Structure formats: C-alpha cells, structure tokens
Amino acid sequence: MYPIQRTTALVRQLLSARTTGTVHSVYRKTINLSFDGTLVALQAAGSPLSPISLITSLTGQEMSDLPVSAGQPVSLTADTIHLPETAFCLDAAETVETMLMPVSESDLPSLTAQICSILKHSAKGGFRNILFPSDKPTQLGEQLVLAAAENHMNLCSQKIRLFHYTTAAHSLSSIIGLGIGLTPSGDDFLCGVLAGLILRDCTDHPFSTALQEQITQKLPDTNDISRTFLQCALQGQFSEAVCSLRHASDAAQLSAAFSAVGHSSGMDTLCGILYALTLSLPG
C-alpha cells in the first residue's frame with residue numbers, strides 16, 4: 001500500500017460519498033480514476049497540485065510501472081483506494097484548500113503587473129503569443145488556433161463595451177475544445193478567465209454570470225479531463241498555482257509554478273487570468 005502525500009478538500013469531499021469506480025485513463029505519471037463520472041488523479045510525487053489531485057509517494061517511473069489500465073475496477077474503503085494488485089492510503093495526506101477567493105482591490109494593479117511580467121519573459125508558446133506576440137515561428141496548426149482564439153477574444157471585448165454581455169460570453173466560450181492535448185489551450189484559458197473574474201470579485205457581474213452559463217452549456221464540446229477542470233473552475237476550485245496568486249510576492253516562484261503545469265497549460269491559464277483582470281467591465 002502506498003501513501004497519498006497531498007490531496008485537496010474537494011477530492012476528500014468527492015470520495016467520501018463514493019465506494020466504487022473505474023480507472024478512466026493512464027498517462028505515464030498520472031492515473032485518472034472515475035467515480036460516477038467525476039475524475040480524480042493519482043499523480044507522481046512532486047507533481048503540481050490541481051483541485052482533483054492525489055499526490056502519491058511514487059516516482060514517475062514507479063507510477064508508469066504499476067499494473068493499471070483503463071477500465072479496471074476501483075473500490076474505496078476507509079480512506080483507502082483499492083486498485084488491482086495495489087492500493088493507496090489517504091489517511092495521513094495533507095489536505096489543501098483550493099477554493100479561490102478575491103484579492104483586495106488595492107492589490108489588483110500589482111498582481112496584474114506581475115502576471116504581465118511573467119508572461120512577457122516566458123518561453124512558453126500557446127495563448128501567450130496572442131497577448132505578447134513574438135517573432136518565434138509557429139506551426140500552421142497553432143497559428144490557426146491562435147487566430148481563431150484571438151478573434152473570439154476581440155469580439156468578446158467589443159460586445160462588452162456595447163453591454164451585450166450574453167453575446168460576449170457566447171463568443172468567448174466558443175473557444176472550448178480549441179487546441180490539442182489533454183487540456184486544450186482554449187479550455188485552460190477559460191479556466192483562467194473564470195479565476196480572474198473571481199480574483200477581481202466580479203462573479204456577480206452580468207458578463208460573468210453569462211459566461212458561466214455558456215461554458216456550462218458547452219462542456220460536452222471538450223474531453224473528459226478538460227471538462228473536469230472546467231467544472232472545478234465553475235465551482236471556484238483551482239490549482240495550487242492559481243490559488244497562490246492571492247499571496248504572490250516572488251515572481252520567479254510564481255513563474256516556475258505555472259511553467260510546471262503541462263506543456264503550456266499553466267501559462268495559458270495565466271493568460272486567461274490576465275485577460276479577465278484587464279477586461280473592461282462596466283457596472
């Protein structure tokens with residue numbers, strides 16, 4: 001039996017009401033488990049903490065060597081996750097709260113400036129190239145994704161200035177599923193937008209309400225894993241990196257935290273946060 005080192009309050013809540021599930025998918029250092037359609041992720045030690053994380057004591061290689069495959073049964077008993085030929089114990093795991101809260105209005109300018117600086121100096125691609133264009137060549141497929149996303153972002157901003165909040169939300173939510181990978185860039189960006197609206201305490205603004213409704217309607221347009229993160233974001237639940245923005249003081253640590261999330265997922269999320277923080281939202 002292997003110990004779980006870290007998890008989240010959200011995961012503990014989700015698992016407390018479940019007794020059986022299945023292995024959803026296996027990706028090298030991550031084993032995704034499904035309980036009644038809700039995903040949680042067993043991850044290697046040192047992995048970035050997401051709202052659905054169960055960080056184990058195993059190395060990436062040890063995770064890869066486990067005899068686990070999609071479709072296998074999973075059972076839960078007394079803080080223990082039972083998989084075929086192995087088990088993981090939750091009882092001593094550190095529990096992290098991942099519910100994002102607003103920052104004070106006086107802190108928003110410095111937070112926005114810090115995020116701008118991080119993105120400007122990042123070597124990652126993705127949506128960063130929309131907000132901070134570079135001369136670095138990109139593949140045609142990525143160019144098309146970024147061009148489509150930029151059109152939706154610009155249209156959203158235009159419609160907001162006209163107080164057409166529903167149309168604006170429809171345009172921005174249309175980037176769901178845009179891009180490739182386990183979590184398409186468009187989905188990571190939208191998670192960031194939802195986080196940014198919380199950070200600036202605008203969740204009750206008509207645009208924010210409309211965006212949440214539009215994203216909820218379009219959840220079937222993306223894959224299971226990405227859909228799970230969007231559902232978490234709609235509930236105000238985010239990664240440890242996003243939650244750390246409320247108390248961020250070290251730009252280097254913050255940049256490292258977001259860079260560690262996926263190929264460009266962390267920075268795509270940060271782009272969404274910056275977009276939301278700088279979006280003009282009339283009262």
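Here a biologist and a modeller talk through a predicted model.

Biologist: Let's start with helix α1. Which of its residues are buried?

Modeller: In α1, which covers residues 9-16, they are L10, V11, L14 and L15.

Biologist: What makes you say that these buried residues line one face of the helix?

Modeller: Look down the axis of α1: the buried residues fall within an arc of 125 degrees, so they sit along one face. It helps to remember that an α-helix has 3.6 residues a turn, so residues three or four places apart point the same way.

Biologist: And what does the face turned away from the buried side carry?

Modeller: That face of α1 carries Q13 and S16, which are exposed.

Biologist: Next, S50. Where is S50 found, and why is it called buried?

Modeller: S50 is in the loop between β4 (38-43) and β5 (53-56). Buried means under 20% relative accessible area, and S50 has 11%, so it counts as buried. Leaving out residues up to four places away in sequence, S50 touches T8, Q43, F229 and S239.

Biologist: Then why is A78 called exposed?

Modeller: The cut-off for exposed is over 50%, and A78 has 77% relative accessibility, so exposed is the right word. A78 lies in the loop between β6 (73-77) and β7 (80-83).

Biologist: D79 is in the loop between β6 and β7 too. Why is D79 called partly exposed?

Modeller: Its relative accessible area is 38%, and partly exposed covers what lies between 20% and 50%, so D79 fits that label.

Biologist: What makes the backbone at A78 and D79 worth a look?

Modeller: A78 has a positive phi of about 45 degrees although it is not a glycine. D79 isn't a glycine either, and has a positive phi of about 65 degrees. As background, most residues other than glycine have a negative phi.

Biologist: How do you know that P102 is partly exposed?

Modeller: P102 has a relative accessible area of 26%, which is between 20% and 50%, so it gets that label. You'll find P102 in the loop between β9 (94-96) and α3 (108-120). Not counting residues up to four places away in sequence, P102 touches I198, L199, D201 and R246.

Biologist: Now K218, in helix α8 (residues 206-218). Why is K218 said to have no salt bridge?

Modeller: A salt bridge needs the charged atoms within 4 Å, and the nearest side chain of opposite charge, D221, is 6.4 Å away, so K218 has none although it is buried.

Biologist: What makes the pair K218 and S174 a polar contact?

Modeller: Their side chains come to 3.3 Å, and the cut-off is within 3.5 Å, so the pair counts as a polar contact. Setting aside neighbours within four places in sequence, K218 is in contact with H170, S173, S174 and I176.

Biologist: Last topic, the nonpolar cores. Which residues have the most contacts inside the largest one?

Modeller: L172 and F207 do, in a core of 56 residues. Helix α7 (residues 185-199) supplies the largest share of this core, nine residues. Beyond its neighbours within four places in sequence, F207 has contacts that include L172, C156, I160 and Y165. Apart from this core lies another, of 27 residues, and L10, F35, A41 and A44 are among them.

Biologist: So L10 turns up twice: as a buried residue of α1, and as a member of that other core.

Definitions and conventions:
Residues are numbered from 1 along each chain as its sequence is written. This is a predicted model: local features need pLDDT of at least 70, side-chain atom pairs count only at pLDDT 80 or more; totals for chains, interfaces and linings use all residues. Side-chain values use heavy atoms; hydrogens and water are left out. Buried means under 20% relative accessible area, exposed over 50%, partly exposed in between (1.4 Å probe, protein chains only). Helices (H or I, at least four residues) and strands (E, at least two) are DSSP runs, numbered from the N terminus. The arc is that of the directions from the helix axis to the C-beta atoms. Lys and Arg count as positive and Asp and Glu as negative; His and the chain ends are not counted. A polar contact is a pair of N or O atoms within 3.5 Å; within protein, one must be able to donate a hydrogen and the other to accept it, and residues adjacent in sequence count only if both atoms are side-chain atoms. Contact means heavy atoms within 4.5 Å. A nonpolar core is a set of buried Ala, Val, Leu, Ile, Met, Phe, Trp, Tyr and Cys residues joined through side-chain atoms within 4.5 Å.
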